[in-house]
Structures are given as C-alpha cells and as structure tokens.
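Me: Please take a close look at the charged side-chain pairs in this model, and then place them beside the aromatic pairs, the nonpolar cores and the cysteines. I would like one connected account.

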Amino acid sequence: MKALCWEGVDKLAVERVPDPRIQNAHDMIVKVRYTASCGSDLHLLGGYIPAMEAGDVIGHEFMGEVVETGPDVTKHQVGDRVVVVSFIGCGTCWYCDNDLWSLCDNTNTNPGIGQGLWGYEPGGIFGYSHAMGGFMGSHAEYVRVPFADHGAFTVPEQIDDLSAVFASDGVPTGWMGAHLGGVQAGDTVAVWGAGGVGQMAARAATLLGAEQVIVIDRLPERLAMTAQHVGAETLDYSRTDVGAELRERTGGRGPDVCIEAVGQEAHTHGPEYLYDKVKQQLRLENDRPIAIREAIMSCRKGGSVFSLGVFAGLVDKFPLGALMNKGLTLRGAQQHGQRYLPMLLDRIANGEITTSHLATHVMSLDDGPRGYDMFKNKKDGCVRAVFQP
C-alpha cells in the first residue's frame, strides 16, 4: 500500500509499505478515508521528537471504514464507518479504568525509551516515533487498530467524513485541556494558539460555561477563523503586550484558566525567541517554552494553567517562582480521547461543535509532502492539510 513516510529531518516521501494485517484477536483493519496533519507532526518532521526511524509511517488523526476484524472484536463489523482515537488504550489496566487512556500501561511496546525520558512510559500512539510504541501511522491506505473495541467509535449518520476526522485527536485534545484545566461557569479563559487544537479548546471552554474566551495568535486568517467559527475574542500577540492586554480585558485580575496549545516550537518576536531557538538548535534545550512561560506569567493568582501542546524534554528559564508564589495549578496531558468521544460525537452531530472549517486544504496522499510544506510554513492560509489515501 501507499504511505507517507518520515525519511529524516524535513524529509517526507510517499512510498510502498507492507499492508497491515491482524496480529491480535482484538485488532481490526481500517481503510482510511481521511487523515489529518497535526501540529505535533511538525515536531516529528523537525527532528524534535526522539526515536524516529527512516521509513516510519506518520499520521495519527484519522477516520475510515472497517474492512477486517479480529475474532475478539465485538463492537464493530466490516463496513462500519469509524473514527479512531489517536492514543491506543487497552481498556483493562489501572490507567484505562481511571479514564487516563493516554497513560495506558500496556500499549507502548517500547517502554524503556519513555521510562528513560520521563520516568514512566505513556501509552502508544499511531505514527508518533518508537518512543510511543512505533505503531504505523494513518497517512496510509490502511491502518491496523489494536484494542479496536476501545479506540474506535462508530460515526453517527449526521456527521460527514471530513467533520469526523477531527474527532480522532483535535476535538478531544481541546476538550480535555478545558475540562482538566478546570474551566468553571463564569470563568475567563485564555488560549495560546489558534490552530485546530486551540480552536477546539476555546470552543470547549465556552460549552463548559466560560463567560469570556480569548485566543492568542499572530496569523490573521487563524484569528479570523476563530472569531467566525468558535465565537471567541482574539488577540494578535505581534501587535501588543499579551500580559498587559489580558489584564486590561479582565479588570486587572488576569485569566482564571490559561491553556497553552502551541507546544515545543512556539514563536514570538524579539530576543527571547532568538535565545530559545539557538538553544534548541544546539540541543541545549529540547523545547521552546515561550507560550507556556507567558501563560504562567499572565494567569491570575490562584488560577490554573494547562499544558496542552506537545513537549518532549527539558526547557530553560521556566518560571517556577511565579508558579509557586502565585499559587497556580499546572497540569498537562496527552489526550484521553476514549473518555470524551461518545459525548463529543453527540455534540458534533447536533451542531454544538463544528470542525470541517479546519480542513483548509484537502488533497491526495500523493500530495503529502506538499501538504506538509504548506502546513509547516503556513502557506495559503493552511490550518490543516487533510489527505485522502
């Protein structure tokens, strides 16, 4: 089959790879209809995520049609239209039992790498390096889905394919940031990043009762999209002092909840950006924590900060003093999609959450390298490149 493969830093190629096959009784094979690029894929492309190997099939956000099931799959049958959560959960370990699905104890087949990096290994994820299990990704014609009864969800008839694909990762990731970030009715919430995940976090905050939601970015097309489809206020960080503007809009107190939806390649202007970029390029720090620093400094005293963007390792000049002295709560996670998908699919079906606008560029899998170039370099207003294998 055809697949989009990582071949080195900033090198992608469409190649022929072996078809996936059923390996365990609870597996199923899905023929991919749509698979979306994600900002976290850019970290792979840039070489910032460890344990990538030439020939790895990337992609973790997808939906499609079931074409084969293992003998122990009971919830799905051939022909079902499904969306699959990007993180793989076994459904039986302590973490899955406690709805912490991305921390599954049994799905990361290379636990030693995660243990060395982070103390304990997270769960497995499709197409996201051998540190996360080395699973073949979704930028391919077919995908093997382990523990299919837990990770795949039937798409309601009211939801079209293009809207459903973002329920795989972007929608539940955004929802989790608002939910576990502790958004309460009447809160003011600030979200750094107006990409797909940031927009979904902002929408989730509104649905959870936030009175004011402010999304921060520098790209005018993304800010306009956020205002139109999410209904949030926007703030262009290239034109103002973010901390001062947030204090101005919140009567001097600051946001109650700050959600960082940017991750390890954050951008800003001035010497701080240059400092972090040089240190990252020299591998003196893994990640550029510009947005998370700003979120911590901007949050009101006693507020909550959620780290939703992907980070891989160590950062420099982390404002631990502000975190402690302001009495902040800091939390982060990869997405626990199995926890939220049934509720979120209902919300997409009834129109509370809209997603198809994120697919600014739909193209064939053969155009994968071009799509990633557009996505990475923000060409032609690209918010997400979505591929049809």
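Reply: A salt bridge is taken here as a side-chain nitrogen of Lys or Arg within 4 Å of a carboxyl oxygen of Asp or Glu. The model is a predicted one, and by this rule it has 15 salt bridges. One of them joins the side chains of Lys2 and Asp366, with an N to O distance of 3.1 Å. Lys2 belongs to strand β1 (residues 2-8) while Asp366 sits in the loop between β17 (361-364) and α14 (368-376), so this pair ties together parts that are 364 residues apart in sequence. Lys2 is partly exposed at 25% relative accessibility, and Asp366 is also partly exposed, at 44%.

A second salt bridge pairs Arg33 with Asp161, whose closest N and O atoms are 3.0 Å apart. This pair, too, links distant parts of the chain, since Arg33 is in strand β3 (residues 28-36) and Asp161 in helix α5 (residues 161-164), 128 residues apart. Arg33 is partly exposed, with a relative accessible area of 30%, whereas Asp161 is buried at 18%.

In a third pair, Arg300 and Asp256 bring their closest N and O atoms to 2.5 Å. Arg300 lies in the loop between α11 (290-298) and β15, and Asp256 in the loop between α9 (242-249) and β14 (257-260), so the bridge ties together parts that are 44 residues apart in sequence. Arg300 counts as partly exposed at 21% relative accessibility, while Asp256 is buried at 5%. Beyond single pairs, salt bridges that share partners join Arg33, Glu65, Arg81 and Asp161 into one network.

Turning to the aromatic side chains, a search of the whole structure gives 5 aromatic pairs. In one of these, the ring centres of Phe62 and Phe126 are 5.3 Å apart and the planes stand at 85°, so the pair is edge-to-face. Phe62 is in strand β5 (residues 61-69) and Phe126 in the loop between β8 (124-125) and β9 (142-145), a separation of 64 residues. Phe62 is buried, with a relative accessible area of 0%, and Phe126 is buried at 2%. Trp94 and Tyr95 also form an edge-to-face pair, with centres 5.0 Å apart and planes at 85°, but here Trp94 is exposed at 55% and Tyr95 partly exposed at 26%. Ring pairs further link Phe62, Phe126 and Phe135 into a cluster.

As for the nonpolar side chains, the largest core has 50 residues, and those with the most contacts inside it are Val83, Phe166, Val189, Val191, Ile259 and Leu308. Helix α7 (residues 196-207) gives the most to this core, with 6 residues. Leaving aside residues up to four places away in sequence, Val83 touches several residues, among them Phe62, Phe153, Val165 and Leu341. A second, separate core of 23 residues includes Ile125, Tyr128, Val310 and Phe375.

The cysteines complete the picture. The count of disulfides is 0; Cys90 is in none, and its nearest cysteine sulfur, that of Cys104, is 3.6 Å away. The sulfur of Cys93 is 3.7 Å from the closest cysteine sulfur, in Cys96, which is too far for a bond, because a disulfide requires two cysteine sulfur atoms within 2.5 Å. Cys90 is buried at 4% relative accessible area, and Cys93 is buried at 8%.

Notes:
Residues numbered from 1 in each chain as written. Predicted model: local features only at pLDDT ≥ 70, side-chain atom pairs only at ≥ 80, totals over all residues. Heavy atoms only, no water. Buried < 20%, exposed > 50% of the residue type's maximum accessible area, 1.4 Å probe, protein only. Phe/Tyr/Trp six-rings, centres within 6.5 Å; stacked < 30°, edge-to-face > 60°. Helix = DSSP H or I, 4+ residues; strand = E, 2+ residues; numbered from the N terminus. Core = buried A, V, L, I, M, F, W, Y, C linked by side-chain atoms within 4.5 Å. Contact = heavy atoms within 4.5 Å.
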